[in-house]
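Trainee: Could you take me through the charged side chains of this protein, one close look at a time? I'd like to see which partners they have.

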Amino acid sequence: MCIRDSIESLNLWSHVGVLDHERLLGQSFLLDFTIWIDLESAALNDELSKTADYSLAIKSIQQLSSEINCLTIEHFSQLIFERLEALYGFIPIQIFLKKCNPPINGFSGSVSIKRSRNLHLL
């Protein structure tokens, strides 16, 4: 049985954007991600060794965020998928990545991308 687990509002600072100063200075992002993993044994038997260590995903994505320098939020999201798959394998994953304050004159909102992979496995 797959259990859906989510990490929400992971604060990231990254160098992603079309404008030179976005990639030079960096900016704030928020990430939510959901993974579906077989955690039935952990749920039934309180077995720590059978659960997902979310700190590994958080630390890996924070490291990626500090190292990346790219043009698009789409590419950033692709690299997040690759990090999560490296940790957890070929599982269903959904991510929601938000650029908090894009430098667009007269715009005070955010821009985001929502992507999923392998949801057909559910």
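Mentor: Sure, and let's start with an odd one: D5 is buried but has no salt bridge. The nearest side chain of opposite charge belongs to R4, and that is 7.9 Å away. A salt bridge needs a Lys or Arg nitrogen within 4 Å of a carboxyl oxygen. Keep in mind that we're looking at a predicted model.

So what does the side chain of D5 make a polar contact with? With the side chain of Y54, at 2.4 Å. You'll find D5 in strand 1, which covers residues 2-16. Skip its neighbours within four places in sequence, and D5 is in contact with F33, T34, I35, L39 and Y54.

Now for charged residues that do pair up. The count here is 4 salt bridges, and we can walk through some of them. Take D20 and R23: their closest N and O atoms are 2.7 Å apart. Why do these two sit about one helical turn from each other? Because they are 3 residues apart in helix 1, residues 20-25. Their surroundings are worth a look too: D20 is exposed, with a relative accessible area of 59%, while R23 is buried, at 17%.

Stay with helix 1 for another pair. The side chains of K99 and E22 form a salt bridge, 2.8 Å from N to O. This one links distant parts of the chain, since K99 is in strand 4 (residues 93-99) and E22 in helix 1, 77 residues apart. Are they buried or exposed? Both K99 and E22 are buried.

Then there's R83, which has a salt bridge with E67, and here the closest N and O atoms are 3.8 Å apart. R83 belongs to helix 4 (residues 73-88) and E67 to helix 3 (residues 54-67), so this pair ties together parts 16 residues apart in sequence. With 22% relative accessibility, R83 counts as partly exposed.

Let's zoom out to finish. The protein has 4 helices and 5 strands, and from the N terminus they run β-α-β-α-α-β-α-β-β. Of its 122 residues, 39% are buried. As for charge, there are 10 positive and 14 negative ones, and their mean positions are 6 Å apart. Finally, take contacts between residues at least 6 apart in sequence: 62% of those join residues at least 24 apart.

How values were computed
Residues numbered from 1 in each chain as written. Predicted model: local features only at pLDDT ≥ 70, side-chain atom pairs only at ≥ 80, totals over all residues. Heavy atoms only, no water. Buried < 20%, exposed > 50% of the residue type's maximum accessible area, 1.4 Å probe, protein only. Contact = heavy atoms within 4.5 Å. Lys, Arg positive; Asp, Glu negative; His and termini not counted. Charge placed at Lys NZ, Arg CZ, Asp CG, Glu CD. Polar contact = N/O pair within 3.5 Å; in protein donor to acceptor, adjacent residues only side chain to side chain.
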